[in-house]
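I opened this structure to look up a few things about its chains and their contacts. My notes are below, in the order in which I made them.

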Amino acid sequence: MASTAKKQGVGSVLWDYLTTVDHKKIAILYLIAGGFFFVLGGIEAMLIRIQLAVPNNDFLSAGLFNEVITMHGTTMIFLAAMPLLFAFMNATVPLQIGARDVAFPFLNALGVWLFIFGGIFLNLSWFLGGAPDAGWTSYASLSIASAGHGIDFYALGLQITGAGTLISGINFVTTIINMRAPGMTYMRMPLMTWTTLVASVLIVFAFPPLTIGIFLLMFDRMFGSSFFLVETGGNTIIWEHLFWIFGHPEVYILILPAFGIFSEIFSTFSRKRLFGYSAMVFATVLIGFFGFMVWAHHMFTVGLGPTANAIFAVATMAIAVPTGIKIFNWVATVWGGSIEFTTPMLYALAFIPSFTMGGVTGVMQAAAPADYQYHDSYFIVAHFHYVIVGGVVFGLLAGLHYYWPLMFGNMLSEKLGKITFVLFVIGFHTTFLIQHFLGLWGMPRRVFTYLDGQGYNTANIVSSIGALLMAIAVIILVINIIMTLAKNQRVGRDPWGDGRTLEWSLPLPVPYYNFAQTPLVRGLDAYWIEKKANNGKMMPAESLEDFHMPNNSFIPFVLSFGLFVAAFGALYFASGKEWAIDAVADLPQHPWALWVLILGLAITFGSMITRSLKDDLGYYVTKEEVLRDLEEEEQRREN
Amino acid sequence: MAEIKQEPMSKKKLEYVRRERTKEMRQQVVSFGLMIFFTFIAFGMVAMDIDASFVIPVVIGLAFVQVILQFFYFMHMKDKGHEFAKLFMMTGMFFALSFIVTFIYIVWIGSPI
């Protein structure tokens, strides 16, 4: 148990993390793995910008460039942004609602291992004959034709991580609905919890279409079906619809938790209650709902017809209304507040203009006739980087600084943090602002090079210099993290001094059982209320008694590993087969593929059976242990 | 390894639970019987070669009733504490329906307007 065993060997720490079902440790796993993939995606971004820095460049070949842009997009969305958001959701949400863990701790662990194995599988494509090269949207007309196994890595890798995400989504919905502490009504939940709830609901509704789309693609590429093969009666537009029915909610899945992080930061560092709390909740739900009604705005140029385009254009513009409500509420929260310019607050303040610019270009593209001009140009690239970097990545960096003490018990250096902030924000605007103009001047996206004398040279080199600044910023951030962990200066309860929500009422490091006694919540910003009315101590909602906790388990790791193995079997199954599509028909046959597939599925189902048949009733944390911890904490506070 | 700590039920509580379960069982059997009966009617009408313009709406109507019975009596939507499950199913159905309607009438299967 984490609190009693203080000196642990490397092996036992490793084993602890491999088997953990504790949401705080799973948050750290998500953070490490997501951070790794974020750096990977960043390196790919740098390769893109080096290639495009000068005209007629041959730093990357055309084929390799396609692989790099595909992997950059896929990695950043599925393997970096979403897991990093899950890291913060895991770290905060159970604490914010006063729960001892999520509703299904086992599934939480399963989610993280599925994501990690899926991500590794996807990235192994670099070493096993070429990465996917049909763009992160992987439109079927391209992906069916793509030679080699690249797209198979995409389909199988995303299927595995997608299963993990779906599981985590269900888990968070259940947790937030069922595990709130007494007094924590829906309209008293912190905004981070609300946005997590809505994002998880979106995951539950949006991931099944992606799963189906990828299954159809898998069957086409690996098992000889023809859903997307036009010559045998298939239809490639089905993929586009399925992908965007998932894909549009997906961007709200990314941005809503970032909104939640910003809402917390704004009210904490303005020392004010969030302005228009109920309007914020309403806007969050509305954005989630509208998110499902607008997918075809990614397909205006497919030829849906003017009526369809008009309907989707209007629906898309409607989303600007709830988003505007949010922007104005944040501004009003800061207005008249006693503002403290910490690193997270700086990111939050920079987020408002950056994200609004991305929103404005979004409304421009929603006008369907105009979109025919913008389509497939750098204008689109600039738009979605403004919303995703200016919204989600700023949110992640702000959240990293803000929640770091909660997760690790020490503070990231504010000085280095501010240097990172300045470099990152300047680099971001330098990179992407000029890309709007590149797009309007006619530079198409997804081209591996451009000719001299078209007027693109200066803008591209400026953009590449900006990317370099962002890379330097991230390197300084990594140095900051390493230095902070090495120094390890512990901080106590409520390290920012202005914590408003329940998670800051806990001692740091947070005990593995979170709350010695489930707290009683008396209003919005529960901890702030107790600070003002009750010496800053949460009132308990129950007497101190033994309580039940789940056991660690190695099964999630093994179960996910089974799917990882099975994926290799599925991948090589169609190689060189007579019925296979042209892309893989010429490759050498792999007779072992079927056996690997069976072996992998056997491992997975074996783990499921073990889980079902073996009774694992968990254990009780005794009253004596909790009392001992509370005394220690009391002594530490007095010293 | 600890056992789950459980207090034995009081006699009164036990009686109450038993009574509730009997009621639940009765409801399930009745609705199951009804559903079988509806299926017979549907099959019977088709077998008797009744006019299609009459059979189709009736069968769809019966199917609708059956779905409601299924949701409320077998999937516990009649019970308390299922408001969220209800909301989720409704939302899911609404999304699915709107996707289908969009596909048929606006974007794809029919001629685009």
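These entries go from chain B to the interface and then to single residues of chain A.

**Entry 1: what kind of model**

I noted before anything else that this is a predicted model.

**Entry 2: chain B on its own**

I looked up the secondary structure of chain B and found 3 helices and 0 strands. Read from the N terminus, the order of elements is α-α-α. I then checked burial: of the 113 residues in chain B, 18% are buried. I also looked at contacts within chain B between residues at least 6 apart in sequence, and 47% of these join residues at least 24 apart.

**Entry 3: the two domains of chain B**

The domain assignment splits chain B into domain 1, residues 17-78, and domain 2, residues 80-113. I looked up the distance between their centres, taken over C-alpha atoms, and it is 23 Å. How many residues of each domain are in contact with the other? I found 5 residues of domain 1 of chain B in contact with 5 residues of domain 2 of chain B.

The area buried between these two domains is about 480 Å², and carbon and sulfur atoms give 75% of that. On the domain 1 side, B:F71, B:H76 and B:M77 supply 77% of the area buried against domain 2, more than any other three residues. I sorted the touching residues of domain 1 by class and got 3 nonpolar, 1 polar and 1 charged. Between the two domains I found 0 salt bridges. The count of residue pairs in polar contact, with both at pLDDT 80 or more, is also 0.

**Entry 4: chain B against chain A**

The size of an interface is often given as the accessible area lost when the parts come together. For chain B and chain A this buried area is about 2200 Å², with 80% from carbon and sulfur atoms. The side of chain B that touches chain A has 14 nonpolar, 4 polar and 2 charged residues. In terms of contacts, 20 residues of chain B meet 30 residues of chain A.

How many salt bridges cross this interface? I found 0 salt bridges between chain B and chain A. The search for residue pairs in polar contact, both at pLDDT 80 or more, also gave 0 across this interface.

**Entry 5: salt bridges**

Side chains of opposite charge can pair when their charged atoms come close. Over all chains, the search finds 12 salt bridges. I wrote down three of them.

One is between A:D498 and A:R271, at 3.0 Å from N to O. A:D498 is in the loop between α16 and α17 of chain A, and A:R271 is in the loop between α8 (237-270) and α9 (277-290), so the pair ties together parts 227 residues apart in sequence. A:D498 is buried at 7% relative accessibility, whereas A:R271 is partly exposed at 33%. A:R271 and A:D498 also belong to a network of salt bridges with A:E340.

Another is between A:K531 and A:D494, with the closest N and O atoms 2.7 Å apart. A:K531 is in helix α17 and A:D494 in the loop between α16 and α17 of chain A, 37 residues apart. Are these residues buried or partly exposed? A:K531 is partly exposed at 24% relative accessibility, and A:D494 is buried at 12%.

The last I noted joins A:R500 and A:D525, with the closest N and O atoms 2.9 Å apart. Both residues are in the loop between α16 and α17 of chain A, 25 residues apart. A:R500 is buried at 3% relative accessible area, and A:D525 is buried at 9%.

**Entry 6: backbone details in chain A**

I looked up the peptide bond from A:L508 to A:P509, which is cis with omega near -10°. A:P509 lies in the loop between α16 (457-487) and α17 (526-533) of chain A.

A:S138 is not a glycine, yet its phi is positive, about 50°. This residue is in the loop between α4 (105-124) and α5 (140-145) of chain A. A:N535 also has a positive phi, near 60°, and is a residue other than glycine. Its place is the loop between α17 and β1 (547-549) of chain A. Which of the two is buried and which is exposed? A:S138 is buried at 1% relative accessible area, and A:N535 is exposed at 77%.

**Entry 7: one histidine**

I ended with A:H383, which is in helix α14 (residues 378-408) of chain A. A:H383 counts as buried because its relative accessible area is 14%, and the cut-off for buried is under 20%. Leaving aside neighbours within four places in sequence, A:H383 is in contact with A:G358, A:T361, A:G362, A:Q365 and A:H436.

Terms used. Residues are numbered from 1 along each chain as its sequence is written. Chains are lettered from A and ligands numbered from 1 in the order in which they are written. This is a predicted model: local features need pLDDT of at least 70, side-chain atom pairs count only at pLDDT 80 or more; totals for chains, interfaces and linings use all residues. Side-chain values use heavy atoms; hydrogens and water are left out. Domain bounds come from an automatic or database domain assignment. Contact means heavy atoms within 4.5 Å. Buried area is the accessible area (1.4 Å probe) that two parts lose on being put together, summed over both. A salt bridge is a side-chain nitrogen of Lys or Arg within 4 Å of a carboxyl oxygen of Asp or Glu. A polar contact is a pair of N or O atoms within 3.5 Å; within protein, one must be able to donate a hydrogen and the other to accept it, and residues adjacent in sequence count only if both atoms are side-chain atoms. Ala, Val, Leu, Ile, Met, Phe, Trp, Tyr, Cys and Pro count as nonpolar, Asp, Glu, Lys and Arg as charged, and the others, Gly among them, as polar. Helices (H or I, at least four residues) and strands (E, at least two) are DSSP runs, numbered from the N terminus. Buried means under 20% relative accessible area, exposed over 50%, partly exposed in between (1.4 Å probe, protein chains only).
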